[in-house]
Amino acid sequence: MTEIRSEIRFMLNGVETALSDVRADETLLDYLRLRRALRGTKEGCAEGDCGACTVLVGRLTPDGLIYESVNACIRFLGSVNGCHVVTVEHLKGQDGGLHPVQQAMVDFHGSQCGFCTPGFVMSLYALWMRRTDPTEADIEKALQGNLCRCTGYQPIVKAARAISSYGRVETDVLASERARVEATLNALKDGARVEIGQDGQRLVIPASVEDLAAVLEAEPEATIVAGSTDVGLWVTKFMREITPVVFIAHLDELHTVTETDGAVSVGACVSYTEAFSALSRRIPAFGPLIDRIGGEQVRNMGTIGGNIANGSPIGDTPPPLIALGATVTLRKGESRRTIALEDFFIDYGKQDRRPGEFVERIDVPVPGEGTHYAVYKLTKRRDEDITAALGAFHLTLAADGTVAAVRIAYGGMAATPKRATAVEAALAGKPWSSETVEAALDAYGKDFAPISDMRASADYRMLAARNLLRRFHLETTSGLPVQVSRYEAA
Ligand SMILES: Cc1cc2nc3c(=O)[nH]c(=O)nc-3n(C[C@H](O)[C@H](O)[C@H](O)COP(=O)(O)OP(=O)(O)OC[C@H]3O[C@@H](n4cnc5c(N)ncnc54)[C@H](O)[C@@H]3O)c2cc1C
Ligand code: FES
Ligand code: FES
């Protein structure tokens, strides 16, 4: 019998905190600003774009305590149970004055009107803890999710490069209290389920994945919340009722990445940041793609399972996973079923997920030696932008240069992520030549009838989708690089 407690417990800056009055849809930002008067953390967009609300969240992992930058505006308070929340108010230097990151920002004139500055400071602090001598590319990547309306990023980048001349990370505030925080967070892991509130405002934090299965069987209509980078916006932008809520991002069992010779198995709650290393090493085209999902804060929070379960036609991971022949495993109670990922997406807003089921893992076959695989994401601006159209191509050529196998999938071209089966059929068995590719372009009309929206017109989408096949052909036959990431190139 799982023990149940009716309060969340976490550390806020230096203080252990317990709360029993937590609304299921209460954001961490509202809690910090309205209930704790910690107003250094700002509200800009309230949708995860601007980074003004950036705080650090420390959590225990099998590799020890790690701190990640997150957007407090779309993170729910309930989800910090068992974590260490660090706001800008906690930063201080060795002498009690400004922290090295803050002093560098002052000296290099990185702060103008000052509104976005605490968010920048927290993102740079997270970077500095990982890398004390960051390259400009590291800094740009760490700041993708921080927008300064006063502009003038160059002083901020210069400040970022100088932080280590103002102090040592080994003697920094979070380093000096590390042992105490680890001990506290370990003690908070009491194996209990958390249940707070009732009826219109109820939240559940399962004790384990077994417990999650039991909770969802009992409350199949509950809203599952993983990284909340989608669900957070349902609350802050659309004022939707989401209760009862079941938080799952803390479940260690759903954070595993397992590698075998031919596949990578990714737990549903593996974040983009956690997935990056294994996926980009085994399937290099994934590295540049993940780098272009949201900003650092969104990548620290958003999960691969959430990107699939939300069923969005413009989610970035489904098309490349479908092109690889990935499968998704769904669990309800003790029973599991594994289906081809492409079959999970039935129609707009409709997925093959039965009441009480949750996504447990995704199995991704690694492309074999000699196969060609590429992913192209088209957006209006390069960083932190949502896909207008995305094409993923997976090709195996026979010894005589004909197409032995091909899988092509697109996002942004239909009501769901979708395979281009007519185009595939037009290519199969034919020589991999520009003539074959040009002849196959007509088949796009059978596969897709895209819509026009604020991201792109239907005509643009159709033209771009066809041109991506041309590009893939050119790159696979000319030896040009398939895709070069700015970050890799630097
Ligand atoms: C600023 C910003 C930028 C973004 N940029 C991109 C981008 O470039 N590309 C992109 O693809 N997406 C982007 N997103 C969207 C979002 O980050 C992704 O869709 C993300 O992967 C969702 O995962 P999550 O864990 O945050 O899901 P949540 O918000 O927690 O949940 C999303 C949906 O999935 C369900 N769900 C979550 N986990 C499970 C599970 N294990 N089983 C069953 N159901 C589950 C939830 O109930 C909900 O319906 C962006 C979001 C923001 C805020
Ligand atoms: S307030 Fe803009 S990202 Fe949170
Ligand atoms: S300093 Fe003014 S918004 Fe960045």
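In which sense, parallel or antiparallel, do strand S2 (residues 8-12) and strand S6 (residues 84-86) pair? Please select both strands in this predicted model. S2 and S6 pair in the parallel sense, and two bridges connect them. Within this pairing, Leu12 has Val85 of S6 as its bridge partner.

**The sheet around S2 and S6**

Next, extend the selection to the sheet that contains these strands. It is an open sheet of five strands, ordered S3-S2-S6-S4-S5, and its pairing is mixed. Strand S3 (15-19) and strand S5 (64-71) each have a single partner strand and stand at the edges, so one side of each is left without a neighbour in the sheet. From one strand to the next, the twist averages 30°.

Now display the helices on this sheet. Helix H3 (residues 117-130) packs on the sheet and touches strand S4 (54-61), S5 and S6. The direction of H3 makes about 30° with that of S4. Helix H7 (residues 178-188) lies across S2, S3, S4, S5 and S6, and runs at about 85° to S5.

**The S4-S5 hairpin**

Select S4 and S5 together. These strands form a hairpin, with two residues between them. They run antiparallel and are joined by eight bridges; in one of these strands, S5, Leu65 is the bridge partner of Leu60. Colouring S5 by accessibility is instructive: seven of its eight residues are buried, so S5 is largely enclosed by the rest of the structure.

**Helix H2 against H3**

Move to helix H2 (residues 100-107) and keep H3 in view. The axes of H2 and H3 come within 9 Å and cross at roughly 125°. That angle makes H2 oblique to H3. The crossing of H2 past H3 is right-handed. To see the contact, show the side chains of Pro100, Val101, Gln102 and Met105 on H2, and those of Thr117, Phe120, Val121, Leu124, Tyr125 and Trp128 on H3. By class, this contact has eight nonpolar residues, two polar residues and no charged residues.

Which residues of H2 are buried? They are Pro100, Val101, Gln102, Ala104 and Met105. Their cover includes H3 and helix H5 (154-162). Just after H2, select His109, which takes a positive phi of about 55°.

**A second sheet**

Now select the open sheet whose five strands follow the order S1-S7-S8-S10-S9, again with mixed pairing. Its edges are strand S1 (4-5) and strand S9 (223-225); each has a single partner strand, so one side of each is left without a neighbour in the sheet. S1 and strand S7 (residues 193-196) run parallel and are joined by two bridges. In this pair, Ile4 stands opposite Arg193 of S7. Helix H8 (residues 209-218) packs on the sheet, where it touches S7, strand S8 (203-205), S9 and strand S10 (245-247). The direction of H8 makes about 170° with that of S10.

**Final stop: Ile362**

Finally, centre the view on Ile362, in strand S17 (residues 358-365). Is Ile362 buried or exposed? Ile362 counts as buried because its relative accessibility is 0%, and the cut-off for buried is under 20%. Leaving aside residues up to four places away in sequence, Ile362 touches Val264, Ser265, Val266, Ala268, Ile304, Gly305, Ile308, Leu321, Ala326, Thr327 and Val328. To relate this stop to the beginning of the chain, select Val15 as well: Ile362 and Val15 lie 347 residues apart in sequence and 38 Å apart in space, C-alpha to C-alpha.

Note on methods: Residues numbered from 1 in each chain as written. Chains lettered and ligands numbered in written order. Predicted model: local features only at pLDDT ≥ 70, side-chain atom pairs only at ≥ 80, totals over all residues. Heavy atoms only, no water. Pairing = 2+ DSSP bridges. Helix = DSSP H or I, 4+ residues; strand = E, 2+ residues; numbered from the N terminus. Axes fitted to C-alpha atoms, helices over the stretch in contact; angles between N-to-C directions. Contact = heavy atoms within 4.5 Å. Parallel < 35°, antiparallel > 145°, perpendicular 65-115°, else oblique. Left-handed = near helix turned anticlockwise from the far one by under 90°. Nonpolar A, V, L, I, M, F, W, Y, C, P; charged D, E, K, R; others polar. Buried < 20%, exposed > 50% of the residue type's maximum accessible area, 1.4 Å probe, protein only.
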